[in-house]
Each structure stands twice: as structure tokens, then as C-alpha cells.
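Reader: Could you walk me through this one? I'd like to start at the surface and work inward.

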Amino acid sequence: MPPGTGRRRGLLEELLMLKKVANPGTAPVDQLMPINAPVGDPDAMPVIPPDLQDVQALIETREALLRVPALHNLRDANFDGTDPEGDLIGLVELMLHAHFDDGHPLGTALAPRETALMSLARHLSPTGAEALRRSLDPTAPPNGFGTHLKEEDRWHLDGAVWYQDAKACLARGEHAQAAICFEAAAKRFAHVPGKETWVAHLHRHAGDAHAQADNRVAAVVGFIAASKLELAYALALTARVPPQPSDAAAALDAVTRATCDLAVAAAFYRALELPKLALVVGAVSASAFVDLGLCPQAAALLDEISDIWADVAKIQCQANQFTLAEAAVEQAVRAAHSAALAHWVTPDHPAAGHSLVKVCDYEAAAELFRLEGDHGSAGLCYLAIGQHCEAAVAAHRGAARPEQADAEAQRALAFYALARSELAKASEDPVNAPRYAEAAAMLFTIEGDHGSAGLCYLEIGQRCEAAVAAHRGAGRPEQAGAEARRALAFYALARSELAKASEDPVNAPRYAEAAAELFTIEGDHGSAGLCYLAVGQRCEAAVAEHRGAGRPEQAGAEAQKALAFYALARSELAKAREDPVDAPRYAEAAAVAQRYFESLLLSWQAP
């Protein structure tokens, strides 16, 4: 006898045995029928041999099952007919997998179970889906699905159908219905061993869909459910005996996903105006992020927690619960410092600085900003500290504490000097220059340097005016209007500050020139002309001074400047001749400008 002949003959004998599938109340009936002969009984099924390690044996068994009329009937009644051969193969594959689940060795030629299940789920008809669900109802009479497919495969198949329906609902924008389908899928897959993380993911999907449907309460439920399942899975992995090599990494991944789910839930609780729940869940999540070494995520969540405590403090202040408000502020500060530390470890020093700014720890924040070269933010922090010190000066003076007032005044001056230095370094910032210039102007005003403040405001107004043109060119009329209003406001501030600087003994000409430029921008040609005239006269006075001191080069330079300003004055005053109120005054000034121009020109050209 050739090698293997006895094994093959034994297999054929096993396949000749047919087991009658029992109807309700009917005992199984065994029949004998050759494999290739027509099957007379539509309910008859081949007996699957226990050992199918031989590939050829598995193929023959599969071919025998593919000819069974009961499976043909099951396919024809419950699938959409788009792939009848593939659907029949899928049913047979699941039956073989179920056979191997009983402890028989797995055949090497068997397709993956998941592949068969997903293929069948795509082709199941509505009638078939309903029949499948009836087979999972213990009170319903048995049907073909219950007879031929293992229970866990039916749960898996039903879950896959619900998942497909959920994805279809999302594609149509039906988010509320999609959430219901995701939840139904999760319930089905919960009956399938090894699907713990997939069930959690389905609850996550449901939470997202509920959020899209603006049902935040249900969204929280979804993410909390996902987190609980992930943590339970992680605990099961850590308790498994004996442990598998991949258990530690899988458990860590599960805890990470659970922590992220809690962070999302905390955000939803905050949106629902449930700060206590947001704080509790957020604190647990933040602590877990720190333990996991996920510092960026921990920092972001701690920033959120700090903000929530700050909101709580405001509400308690409004309710005159000042003791509770003070405690909430302390919690906000503690969370902000924890966030800053997490940002520092990341490392993200600017983010750490912004965390501290939120709780007014400006000095520490300024040092972090300087460390990263963010001079503008550092300058704003020093400016804020200086203002706080100045407020303290007033408080100490009012309480007759002159020594403390002097000390705070010295601190204010020191921080203002630091602010001025840092803001000067930030003047070329392409994005925030206007904001830093505004802070610098405020600082100059505080220090009584009105001319420098006016120049800052003038620069901001010009930047705003440039933004107006850019927005108009891009077809953004609302933004253009907003920038135009800002420009006017800053020009008004510049005019006010420059007017206060007109008596500056050193810089008056420079400030008058800036004022003239401002008046020209605003179309006030008369005022611009008067400013240019005043600047020209100051320059002419400087000419005489330099000549008297034997400085001919400086005298020549001032003369050239005077002539230029007189020319500008003439030009601007000429444009103001139609002014209904001030025309005579401007005409007289124009004549003066002309006279000064001619006189200086003649005197300078004389040998």
C-alpha cells in the first residue's frame, strides 16, 4: 500500500458519514452517502473529521461542505447575491473554524476567520440580518444561522453589520443614528472573546458621533465607557498567568488610550458647565499622563484645569463667597505651576511662560520668555510687574508707609527699564510688533516720555493703515473697517502724546516732524504745515548756534534741513487755503514760511 493511502481511505470513510441536522424535537439521524453522489436530504451535513492537518484532507472536507444543499439554501435566503460563491465559501470557512475551536488542530490552508466574517457582513441582506439577529435571541425558534454557525461568530457577524450601518450613517451626516449603531455594534462584539479593545474603540466612535450630533452628555458616556473597558483590559493583561511577552506593552497602550478618553470626557464636562466633574476626571487623567511620561498631554490638561479653577473662583466671587474663591485661586495657581513644569520638561519654555502668565506669575514667565528669545512677551511681563509695583506705591502712600512706597517705586522703575529693553528688541517681530509697540507706548506714557509714546502710537497707526489696504485688496471689508478704526484711534493717541512733547528741549523738532506726518496722514494740511514751519524755525536757530560756535559743517546740515522743512510747510499750507475756518491763519503762516525760506536761502548762498 502506498504511503498515506490508509490515511486517505480513513478520511473518505469519515466523509461518507452524514449527520442529519436535528429539527426541533427530532433526534439526529446518521446516513451513508458518497461524497460525489447527489445529496438526497437537504438537511444532511457531512461529519467533519477530527484531524485536518493534511492540506488535501482540508480541501476535500471543504469541497464536501460546499455541496451541501442546506448551506446553499442558507446563502440564497440571506445574502444579496453579489458574490454567491464567496458567501458559500465564507459559511464553510466559519464552520471549519468552529470545528477547530473544539481543540482540533488548525489546518494550514484555512483562511483567517476575520476575513470570512467581514466578507459575509458586507453581503448580508436586510432579511438575512434580521434572521441572524433572531438566531441570537434565546426565545426565538432555531434557524439556519443558529444551526450552522457558532454563537460567537454570529455575534461577530451581527456586530460587523451594525458597524457597517454606523459608517453609512456617518457618510450621510446622520450622526445621532450613527452613534446608536456604534453602540449596538459594541454590545454585539462584547460577546466575542478577544475583542475588548475593539469594543472600547466602538464606544469611542459612538462618543464622537454623539458629539457631532451636539449630544455632549451621551458623548461623555461613550468616552467613559471606553476608558473603563481599556483599564479592565489592562488589568486582565497584568494578571494573566503565565504572562505573554507582549502583555506589558499592550497593557501600557490600553492605559494610554484610557487616559486620553478621560481627558476628552473632562473637556466635555467643562463644556457642559459641570466643573466639579471636569476637575475630578481631569485630575485623574493629568496624573496618569505624568505617570506615562506624556508631558505635552499632561501640560495641556493641567492648563485646562487651571482655567477651570479660575472660572470657579470668578463664580464664587460673584456669589460673595470670597473664602471659597481664594481657595479656588490657590488651586488654579497650583495647576498652572504644574502645567509650567510639564511644559518645561517637554521642553516648551514659551508654553511654560504662558501657563505662568495666566496666574500672574509674570517674573518667572518673563525669565522663561527671555530664555527662548521671546523679547516681546518678556517685555509685556515686565511692564505688568512695573504696573503692579506702581499700584503698590499708591497703596503704601495712602497708608502712610513711605519706606515701602519708596521700595516699590524703585522696583517699578527697574521693571519698567527691563520692559523698555525687551520691547525694543521685539520691534521687528513680524506678527506681534503692533502689540509690543502699544505696550512700549504705554510704558513711555507712564514714564512721562510723551514724545516716544507718540512715535509708538504713530507707528502702530501706520501699521494698521497698511493692514487696511491689505484687507481691502483681499476682499475683506469687515477686517479693513476694523483696522481703519484702530488706525484712527492710535493716530488720536499719537496726536495727544506728541502735543504734550512740543516743549521737549532736545527732541521737539523730531516730535514736531512726527506730528506733521500724522496731520498729513489725517488730511489736516494746515496743522501739518504749521508743524513743519516750527521745525524749520528750530533748525534755523540751530544754524545760527553752530555758526557762532565755529561749526560750519553742522550749520550747513541744519540749514539744509530747515530749507526742506520750509518747503514742506509751504506745500502743506498751500493745500490748506480752502479751509473755511483757518484759511487766513494758514495763509499768513505760508507767507512766513516763504519769507524764511527765501531769507535763509539768500543768507546761505551769500559769500
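Reader: Which residues make the nonpolar surface patch of about 420 Å²?
Author: Keep in mind that this is a predicted model. The patch covers about 420 Å² of nonpolar surface. Its makers are Leu341, Trp344, Val345 and Leu371.

Reader: Which helix gives the most to that nonpolar patch?
Author: One helix supplies three residues to the patch. Tryptophan 344 sits in that element too. The top contributor is helix α15, residues 322–345.

Reader: Is tryptophan 344 buried, partly exposed or exposed?
Author: Buried would need under 20% relative accessible area, and exposed would need over 50%. Tryptophan 344 has 42% relative accessibility, so it counts as partly exposed.

Reader: And how far apart in space are alanine 310 and alanine 332, C-alpha to C-alpha?
Author: Alanine 310 belongs to helix α14, residues 295–318. Its relative accessible area is 30%, so alanine 310 is partly exposed. In sequence, alanine 310 and alanine 332 are 22 residues apart, but in space the C-alpha to C-alpha distance is 5.7 Å.

Reader: Going inside now, which residues touch the most other members of the largest nonpolar core?
Author: That core has 36 residues. Helices α4, α5, α6, α8, α9 and α10 each supply at least two of them. The members with the most partners in the core are Leu124, Phe145, Leu157, Phe182, Phe189 and Leu202.

Reader: What does phenylalanine 189 touch, not counting residues up to four places away in sequence?
Author: Phenylalanine 189 is among the core members that touch the most others. Leaving out residues up to four places away, its contacts are His156, Gly159, Ala160, Lys195, Trp198, Val199 and Leu202.

Reader: How many residues are in the second, separate core?
Author: Leu301, Ile305, Ile308 and Ala328 are included in it. This second core stands separate and holds 25 residues.

Reader: What share of the protein chain's residues count as buried?
Author: The chain's secondary structure comes to 26 helices and three strands. It exposes about 30900 Å², with carbon and sulfur atoms supplying 58% of that. Of its 607 residues, the buried share is 41%.

Reader: Which element has the lowest mean pLDDT?
Author: The protein chain has a mean pLDDT of 83, and 81% of its residues reach 70 or more. Helix α9 has the highest mean among the elements, 98, while the lowest, 31, belongs to strand β2, residues 30–32.

Reader: Over which residues is the pLDDT below 50, then?
Author: The stretch has 70 contacts in the model beyond near neighbours in sequence. Where pLDDT is low, though, the predicted coordinates should not be read in detail. The stretch below 50 is residues 1–40.

Note on methods
Residues are numbered from 1 along each chain as its sequence is written. This is a predicted model: local features need pLDDT of at least 70, side-chain atom pairs count only at pLDDT 80 or more; totals for chains, interfaces and linings use all residues. Side-chain values use heavy atoms; hydrogens and water are left out. pLDDT is the predictor's confidence in each residue, from 0 to 100. Helices (H or I, at least four residues) and strands (E, at least two) are DSSP runs, numbered from the N terminus. Contact means heavy atoms within 4.5 Å. A nonpolar core is a set of buried Ala, Val, Leu, Ile, Met, Phe, Trp, Tyr and Cys residues joined through side-chain atoms within 4.5 Å. Buried means under 20% relative accessible area, exposed over 50%, partly exposed in between (1.4 Å probe, protein chains only). Patches are made of residues with over 30% relative accessible area and no salt bridge: like charges are joined within 9 Å, nonpolar side chains (Val, Leu, Ile, Met, Phe, Trp, Tyr) within 5 Å. Accessible areas come from the Shrake-Rupley method with a 1.4 Å probe; for residues, only the protein chains shown count as cover. A salt bridge is a side-chain nitrogen of Lys or Arg within 4 Å of a carboxyl oxygen of Asp or Glu.
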